[in-house]
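Please open the model in a viewer and display it as a cartoon, with side chains available for selection. The tour below proceeds stop by stop, each one naming what to select and what is to be found there.

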Amino acid sequence: TLRRIFSRVSTVLTRTMVSQFISRLVILVLGTLYPAYRSYKAIRTKNVKEYVKWMMYWVSFSAFTVAETIADVFIAWLIPFYYELKILFVFWLLSPWTKGS
């Protein structure tokens with residue numbers, strides 16, 4: 001029985017850590033690298049509308065990052081699918097259909 005308990009606890013911890021790792025990776029790639037490229041293109045083409053859009057994104061994303069840092073410690077274990085919700089929020093920020101940021 002002790003072996004079963006240890007096995008279940010390690011499975012839960014592994015799933016949580018994998019979920020957290022994947023969440024950080026997706027947010028890094030989608031939330032930073034792609035917008036950085038698009039911001040660079042907006043600056044190079046001198047498209048003011050795109051420039052303002054991406055600067056608004058960076059302000060929103062930085063506020064999200066600050067809130068995420070605090071929430072990861074205090075809220076992550078309370079809310080089911082917390083990491084998945086963070087990924088969806090970044091998708092919402094980036095989406096041209098929702099005009100998230």
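The stops that follow begin with the whole chain and then turn to individual residues.

**Stop 1: the whole chain**

Select everything. The model is predicted. The protein chain holds three helices and zero strands, and its pattern along the sequence reads α-α-α. Of the 101 residues in the chain, 23% are buried.

**Stop 2: the loop between H1 and H2**

Select Lys46, which is found in the loop between H1 and H2. Its phi angle is near 60 degrees, a positive value in a residue other than glycine. Is Lys46 buried or exposed? With a relative accessibility of 70%, Lys46 counts as exposed, because the exposed class takes in values over 50%.

Next, add Asn47 and Lys49 to the selection. Asn47 caps the N-terminal end of H2. One of its side-chain oxygens lies 3.3 Å from the backbone nitrogen of Lys49.

**Stop 3: along helix H2**

Select residues 48–74, which make up helix H2. How far apart are the end C-alpha atoms of H2? They are 39 Å apart, and this agrees with the expected span of 39 Å for the 27 residues of H2 at 1.5 Å a residue. Look also at Glu68, where H2 bends by about 25 degrees.

Now show the side chains of Trp54, Tyr57, Phe61, Phe64, Glu68 and Ala71. These are the buried residues of H2. Keep Glu68 selected, as the next stop returns to this residue.

**Stop 4: Glu68 and its partners**

Add Arg24, which is found in helix H1. The side chains of Arg24 and Glu68 meet in a salt bridge, with N and O 2.6 Å apart. Arg24 lies in helix H1 (residues 2–45) and Glu68 in helix H2, so this pair ties together parts that are 44 residues apart in sequence. The two residues can be set side by side by their accessibility: Arg24 is partly exposed, with a relative accessible area of 40%, whereas Glu68 is buried, at 5%.

Add Lys86 as well. Lys86 forms a salt bridge with Glu68, and the closest N and O atoms are 2.8 Å apart. Since Lys86 lies in helix H3 (residues 82–94) and Glu68 in helix H2, the pair ties together parts that are 18 residues apart in sequence. Both Lys86 and Glu68 are buried.

Finally, include Asp72. Which residues are linked with Asp72 in a network of salt bridges? They are Arg24, Glu68 and Lys86.

Before leaving Arg24, select Tyr83 too. Arg24 and Tyr83 are 59 residues apart in sequence, and their C-alpha atoms are 8.6 Å apart in space.

**Stop 5: a salt bridge between Arg38 and Glu50**

Select Arg38 and Glu50. Their side chains meet in a salt bridge of 3.8 Å, N to O. Arg38 lies in helix H1 and Glu50 in helix H2, so the pair ties together parts that are twelve residues apart in sequence. Arg38 counts as partly exposed at 25% relative accessibility. Glu50 is likewise partly exposed, with a relative accessible area of 21%. How many salt bridges does a search of the whole structure find? The search finds four.

**Stop 6: the nonpolar surface patch**

Switch to a surface display and select Val66, Ile70, Val73, Phe74, Ile75, Trp77, Leu78, Ile79, Phe81, Leu85, Leu88 and Phe91. Together these residues form a nonpolar patch on the surface, with about 1,300 Å² of accessible area. H2 and H3 each supply at least two residues of this patch. Which helix gives the largest share? That share, four residues, comes from H2.

To end the tour, centre the view on Leu85, one of the residues of the patch. Leu85 is found in helix H3. Its relative accessible area is 45%, and Leu85 is therefore partly exposed, since that class lies between 20% and 50%.

Technical notes:
Residues are numbered from 1 along each chain as its sequence is written. This is a predicted model: local features need pLDDT of at least 70, side-chain atom pairs count only at pLDDT 80 or more; totals for chains, interfaces and linings use all residues. Side-chain values use heavy atoms; hydrogens and water are left out. Buried means under 20% relative accessible area, exposed over 50%, partly exposed in between (1.4 Å probe, protein chains only). Patches are made of residues with over 30% relative accessible area and no salt bridge: like charges are joined within 9 Å, nonpolar side chains (Val, Leu, Ile, Met, Phe, Trp, Tyr) within 5 Å. Accessible areas come from the Shrake-Rupley method with a 1.4 Å probe; for residues, only the protein chains shown count as cover. The expected span of a helix is 1.5 Å times one less than its number of residues. The bend at a residue is the angle between axes fitted to the seven residues ending there and the seven starting there. A polar contact is a pair of N or O atoms within 3.5 Å; within protein, one must be able to donate a hydrogen and the other to accept it, and residues adjacent in sequence count only if both atoms are side-chain atoms.
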